[in-house]
Amino acid sequence: MDEIKTNVIEELENVFDQLNTETQETPQIPDELNLLPLRDAVIFPVLVAPIVVGREPYMRLISDSVRDGSRIIGIVTQRDPTTEQPGVGDIYPTGVVVTIRMMNRNRDTTQLLVQGIQRFQIVEVLTEEPYLRAKVKLIEEAITLSDDEQLQVEALRRELSGTFSKIVELSNGDMPDHFKEIEQVTPVWTMADMIAAHARLSTAEKIQVLETFPLVERMELLHSMLMREAQIMELGANIHSQAAGEMSKAQRDYYLREQLKVIHKELGEGDERGRDVEELRERLDTAQLPVEAQKEADRELERMARMAFGAPEYTVARTYLDLMASLPWAKSTTDNLDIPHVKAILDDDHYGLDKIKDRLLEFLAVRKIKQERGEPVRQPILCFVGPPGVGKTSLGRSIARAMGREFYRLSLGGVRDEAEIRGHRRTYIGAMAGQIITGLKRAGSNNPVFLLDEIDKLGHDHRGDPSSALLEALDPEQNSTFRDNYLDTPFDLSNVLFITTANGLEAIQGPLRDRMEIIELTGYTEQEKVAIARQHLVPKQRGEHGLTVEQVAIKDSALYALVQGHTREAGVRSLERQIAAVCRKVTRLFAEGRTEPLTVDKKTVEEFLGAPRYEFEELDDITSIPGVATGLVWTPVGGDVIFLEAQKMEGSKTLQLTGQLGDVMQESAKAALSYIRANANELGIPANFWNETEIHIHVPAGATPKDGPSAGVTMTTVITSLLTGRRVKPRLAMTGEVTLTGRVLPVGGIKEKVLAAKRSGVTTVILPARNRKDLEEDIPAELRAGMTFHFVDAVRDVLDLALEPVDKPRRIRVKSSTEKTVSDPLPIAPPPLPDALNQPTVPPARA
């Protein structure tokens, strides 16, 4: 029966939407119906109701009706509920045709869930044994009304809905709140039947409503009944208020609780429910809820005290109140804003990142001064942006440790449902609070450091947009009244220190990005990686693999070998994996019986891991023929080098572009070609070359998307190299946007691009002149050592610096380690780049 009750509750919650949005086909109703008498209940059309059948003849009636496939029966009401086998004179002549929607048969009873279809009158009783069967006449509702009747119906509709809403308010939660919106139910006769079914009317009064067929008369009769019921409820409320006013609150509470104890004891459920209520009441008092939250909790607690123990609604209410009592409404930790102390912890946890640390210290210094003055602290939300493995998440953890706050991390990668952020409404089955409220509960304080990791990986679908749900939580002007759908009461998030992380900004919505202060974390240099490995990664992996300092020492030469030959990344995640691989080899040696300490150097790394995965000699070979050049790009995982290849064929005025190039990169190629055509004579190219030439530009690897304007100078160089036969100088790379007039414009990601060039063995870099300040500010002097940088404003300067004279021979390195001098182009293909076919979700490289 619990299952049927649950389905009825769901039908009531959705009845307005069903009536207003669904078009249900009326089943074919026969002229003859099996009649099921009810002892003390009345069924109305459209509405859903549970029925328990315990009398043997009527259990057979249900079986016969289901067996013939119609599932349609007639429901009538007995005049005397004590009659066991009612005849034709023992039932009211008007009933409702119903369809059986659900049936559950036990040994002694049959439980039904039925839905009313239409009124009927009994015309002739055909049989009374073993159950009643009669010929019936269906009662049709009058759809066409005169103008006067329409006015009467509209006036009565408003009066009925207003009076019924008033009764719902006076019921003190005994009736669902959504009945206040009864006026939305259409058509009007369905609204009247719904009110009659759920109003506190006697069986005889409900039969009167059922038997009144003219709509106006039915609504007038129902209105008079509701007015009487409303007057009785108002009088009862006044009496209750007067009586309550004569007692103190403590006396009233004591009296009511004693009454509840007696009632629960009689029902056999008082002890366990009483313990639940008292326990929750004590926890709620201890939690120190705000006024509005306390009112909501008290209302739900009173509802729970009146519910049957074990009912589904009881469990929902208890879960909700348990969350309310568990939230840290008034629990907070004391901030440690000693700036030197915070700086020491940041330095201890992270090597380098000086600019980032300075910004964090400034952020905390402002918070300290504002708190000392007692002023509200409304600082922007920090967003750490950078490639994977550079320490974004660990920075948030360090801030929490330095300030003495709790730390909670929420990964947003792949979150597509808005309810994951704001929670589900409690009307849904399995509803729960959102991840923000849940995170605060787990953190145990209302002012933790709350890290929203991978905010750029949020998705959205038909269930909503989680990015939009974060707008309120991440706005310092609004988050003091953040409202979770499950709690349905404001929670103050202004004390929470939100920090977000992302690999890139392109995927973050503009309004959400506007609420955050962007702090960029760029990649590490080789020297920084080695220092990080020495201070953090090696001790960590040594401990995780059961090694001691006395057993193994890893020299800097080994770390440099790992950085240069076995990793190619902006962060240190792959480096840590390689260190772990070395530690595993060492652990195995000691497990097999080695006793002497081991010092890991460059040679040992080669013995353990094999030959280096990355070498730089190929750069000489790649640019040994005209029409090949090296460019620098930025990607969400750091900088990288790309190789552009150009080839010409017989044809006319055709430019082919391959390699999954984005729109912006394709436009850069077209702009480069237009510049070359306009300046062909100055570049030493026949003026009419375009009339006889087809040019194809390809950027390996073809499976990886690429886009951005900064390949413009590389496109211009590779086409000029192809058409003039001049090779690009060895170990030279470039970046910059080109215009039709030959100007070179600045681009972003200079540090990442220079780091990639350094890792790849590039010795000469051509940069836009306006990027000089980026090089000087972001690239340390030790990284620039051994590299030559040229800053240019015009494409002619790029070509002069990048291209060799036509007849200059090139010395190339071959596998026999001997060297040759050649002047003709050699058919040497560039080495294969990492296969991107297994990485379909990799974001496009930004050239």
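**Figure 1. Helix α23 passes helix α25 in a right-handed crossing.** In this predicted model, α23 spans residues 663–678 and α25 spans residues 712–724. Their axes come within 8 Å and cross at roughly 45°, and the two helices are therefore oblique to each other. From α23, the residues M665, S668, A669, A672, L673, Y675 and I676 take part in the contact. Their counterparts in α25 are G712, M715, T716, I719, T720 and L723. By class, this contact comprises 9 nonpolar and 4 polar residues, with no charged residue.

**Figure 2. Residue Q660 lies in the loop between β18 and α23.** The strand β18 covers residues 654–658. Although Q660 is not a glycine, its phi is positive, at about 55°. With a relative accessible area of 44%, Q660 is partly exposed, because that value falls between the limits of 20% for buried and 50% for exposed residues.

**Figure 3. Helices α19 and α20 pack at an angle of about 130°.** Helix α19 comprises residues 556–565 and helix α20 residues 573–591, and their axes are 10 Å apart. The pair is therefore classed as oblique. The crossing of α19 with α20 is right-handed. L559, L562 and V563 of α19 meet L575, Q578, I579 and V582 of α20. The contact contains 6 nonpolar residues, 1 polar residue and no charged residues.

**Figure 4. Two cis peptide bonds precede P130 and P187.** The bond from E129 to P130 has an omega near -5°. P130 is located in the loop that joins β5 (110–127) to β6 (133–138). For the bond from T186 to P187, omega is near 0°. P187 belongs to the loop between α3 (147–170) and α4 (188–198). In general, most peptide bonds are trans.

**Figure 5. Residue D488 has a positive phi, near 60°.** D488 is a residue other than glycine and is found in the loop between β10 (482–483) and β11 (490–491). Its relative accessibility of 36% places D488 in the partly exposed class. Most residues other than glycine have a negative phi.

**Figure 6. The complete chain contains 29 helices and 28 strands.** Of its 847 residues, 48% are buried. Among contacts with a separation of 6 or more, 74% involve residues 24 or more positions apart. The accessible surface of the chain amounts to about 41100 Å², and carbon and sulfur atoms contribute 49% of this surface.

Conventions. Residues numbered from 1 in each chain as written. Predicted model: local features only at pLDDT ≥ 70, side-chain atom pairs only at ≥ 80, totals over all residues. Heavy atoms only, no water. Axes fitted to C-alpha atoms, helices over the stretch in contact; angles between N-to-C directions. Helix = DSSP H or I, 4+ residues; strand = E, 2+ residues; numbered from the N terminus. Parallel < 35°, antiparallel > 145°, perpendicular 65-115°, else oblique. Left-handed = near helix turned anticlockwise from the far one by under 90°. Contact = heavy atoms within 4.5 Å. Nonpolar A, V, L, I, M, F, W, Y, C, P; charged D, E, K, R; others polar. Buried < 20%, exposed > 50% of the residue type's maximum accessible area, 1.4 Å probe, protein only. Areas by Shrake-Rupley, 256 points an atom, 1.4 Å probe, with all protein chains shown as cover.
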